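Work through the following exercises on charged side chains with the structure open beside you. Try each task before reading its solution.

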Amino acid sequence: MAASVPGSTEGKFVVVGGGVAGVTCAEQLAVHFPSEDILLITASPVIKAVTNFKQVSKVLEEFSVEEQPSTTLESRFPNIRVIESGVKQLKSEEHCVLTEDGGRHVYKKLCLCAGAKPKLICEENPYVLGIRDTDSAQEFQKQLIKAKRIMIIGNGGIALELAYEVEGCEVIWAIKDKAIGNTFFDAGAAEFLTSKLAAKKSQAEIANKRTKYTTDGRKKVAQSKASTGNIGSALGPDWHEGLILKGTKEFSHKVHIETECEVKKIYHREEFRISKKNSLAFPQNGQKPSVTTDNEIWPVYVELTNGKMYGCDFIVSATGVTPNTERFLFGNNFDLGEDSGLKVDDHMCTSIADVYAAGDICSAAWQPSALWQQMRLWTQARQMGWYAAKCMAAAASGDSVDMDFSFELFAHVTKFFNYKVVLLGKYNAQGLGSDHELMLRCTKGQEYIKVVMQNGRMMGAVLIGETDLEETFENLILNQMNLSSYGEDLLDPNIDIEDYFD
Ligand SMILES: Cc1cc2nc3c(=O)[nH]c(=O)nc-3n(C[C@H](O)[C@H](O)[C@H](O)COP(=O)(O)OP(=O)(O)OC[C@H]3O[C@@H](n4cnc5c(N)ncnc54)[C@H](O)[C@@H]3O)c2cc1C
């Protein structure tokens, strides 16, 4: 790699972002071009590497994400060079990026993988926390230790996990939908899960969590990051496992859900006092006695659009993310999606020549398969980073490349409320209109299975619990076989469906 000015580089491939998308992209480029230097520019001192990758079925995949020092990546791939500095500007006409440390890095092909940041209900309010990276998760844990009551605002994956994981602290959970987990579930699945919120966690769950408590390595890494004041990568699925999410009291769950409402106004203690408004005590809903009293004075109060007012120690804003694009927009005419991500086509190219994008920063703007939708998830960050590298390599060598198979069918496996959750295809009948049917099988406390059918074909499925059906259903969705003649047998627990379709 030629470096004419100190801190400046010239390389064929430059990747921005040390999260799952950026690291996967850089790794793949390094494999495609072993004699070429690949430059990875990232604002955080740790990178996120995919480990223990397992292809569970054709499309479903499972893996862990490890935070590693960038030197580990460099030693695994000697042709990757990591530059630890934030990009402050992209000069696409000159084919270069400028970094905070004064560097100027010229590229032939660039992939932007700078992720996304939490959308906060209120900026610069010390009582409103967003959770995105190791630092913010640790800050949350620190505040929770002293808390008697918190409010969670939002209804996506993070809110779901928090409501279940937080112990020893009252939780008021405000959602704008009728049922919890709207991003992932219908009302039936939500009801199945809600019963878990009222139950005590099993000893096994607690033990499992304690053994995974923060390692020294992770603490060191987090400290060095804090001192840089930079933007870290998004946490992954097991983000809460290294943290003890426990408030001041000795109980497992105490969650009250306020549905169909949003935050109207946030009052600091003094503003609340002057307003002469009243706040509510923690609703008992026939549960155990309250740990807080009616006359509690809270640091912050939240007025909801349903007219209710609650005081709490702090608020967690878990209302989605916004793509991290601002550093790249100045002077560059990017096409942006409705969610303000960088629009990418079916080869992960943005609207600017030689600039690709992958992961949370991008908005998929191609005509998607009838069974796929973009969601800002770990799995898609990995798949997009991998596919972007393949497209960049093909374009550099003048080859053509077909859309990757992983974009044929939406597939996601995760855990909510300690249940295994598999989501396939149009699992919530997204975009299917009213012309579809649902089939359900539910055993309380054990499993919840829902399939979405259209014209006799399976279009999607939600599998909660150890159902063992994911592979069979994945095949049935992918091959779009007409299943009309099977009717209800499809979910009959007495029929071994795997044998049926063998
Ligand atoms: C609390 C939490 C829980 C989650 N749980 C799940 C889950 O259960 N399952 C799931 O699939 N997904 C989950 N997600 C989402 C998942 O973590 C993200 O979709 C995924 O990590 C996105 O990867 P990425 O590489 O696109 O971005 P990120 O991981 O955000 O990485 C972005 C990288 O870009 C760098 N960067 C940013 N700006 C600049 C700049 N200007 N210059 C240089 N570098 C820059 C950052 O430092 C970082 O290294 C969760 C997210 C959060 C926050």
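**Exercise 1.** How many salt bridges does a search of the whole structure find?

*Solution.* The model is a predicted one, and a search through the whole of it finds 18 salt bridges. The next exercises take up some of the residues involved.

**Exercise 2.** Decide whether the partners Glu 62 and Lys 54 are buried, partly exposed or exposed.

*Solution.* Begin with the contact itself, a salt bridge in which the closest N and O atoms of Glu 62 and Lys 54 are 3.6 Å apart. Next, recall that partly exposed covers the range between under 20% for buried and over 50% for exposed. Glu 62 has 30% relative accessibility and therefore counts as partly exposed, and Lys 54, at 46%, also counts as partly exposed.

**Exercise 3.** Explain what the salt bridge between Lys 420 and Glu 470 ties together.

*Solution.* First, the two side chains meet at 2.7 Å, taken from N to O. Second, Lys 420 belongs to strand 23 (residues 419-425) whereas Glu 470 belongs to helix 11, so the pair ties together parts that lie 50 residues apart in sequence. Finally, Glu 470 has a relative accessible area of 9%, which means that this residue is buried.

**Exercise 4.** Place Asp 468 in its surroundings.

*Solution.* Start from the chain, where Asp 468 is found in the loop between strand 26 (457-464) and helix 11 (470-479). Because its relative accessibility is 58%, Asp 468 counts as exposed. Then look at the surface, where Asp 468 gathers with Glu 466, Glu 471, Asp 496, Glu 498 and Asp 499 in a patch of negative charge.

Terms used: Residues are numbered from 1 along each chain as its sequence is written. This is a predicted model: local features need pLDDT of at least 70, side-chain atom pairs count only at pLDDT 80 or more; totals for chains, interfaces and linings use all residues. Side-chain values use heavy atoms; hydrogens and water are left out. Patches are made of residues with over 30% relative accessible area and no salt bridge: like charges are joined within 9 Å, nonpolar side chains (Val, Leu, Ile, Met, Phe, Trp, Tyr) within 5 Å. Accessible areas come from the Shrake-Rupley method with a 1.4 Å probe; for residues, only the protein chains shown count as cover. A salt bridge is a side-chain nitrogen of Lys or Arg within 4 Å of a carboxyl oxygen of Asp or Glu. Lys and Arg count as positive and Asp and Glu as negative; His and the chain ends are not counted. The place of a charge is taken as NZ of Lys, CZ of Arg, CG of Asp or CD of Glu. Helices (H or I, at least four residues) and strands (E, at least two) are DSSP runs, numbered from the N terminus. Buried means under 20% relative accessible area, exposed over 50%, partly exposed in between (1.4 Å probe, protein chains only).
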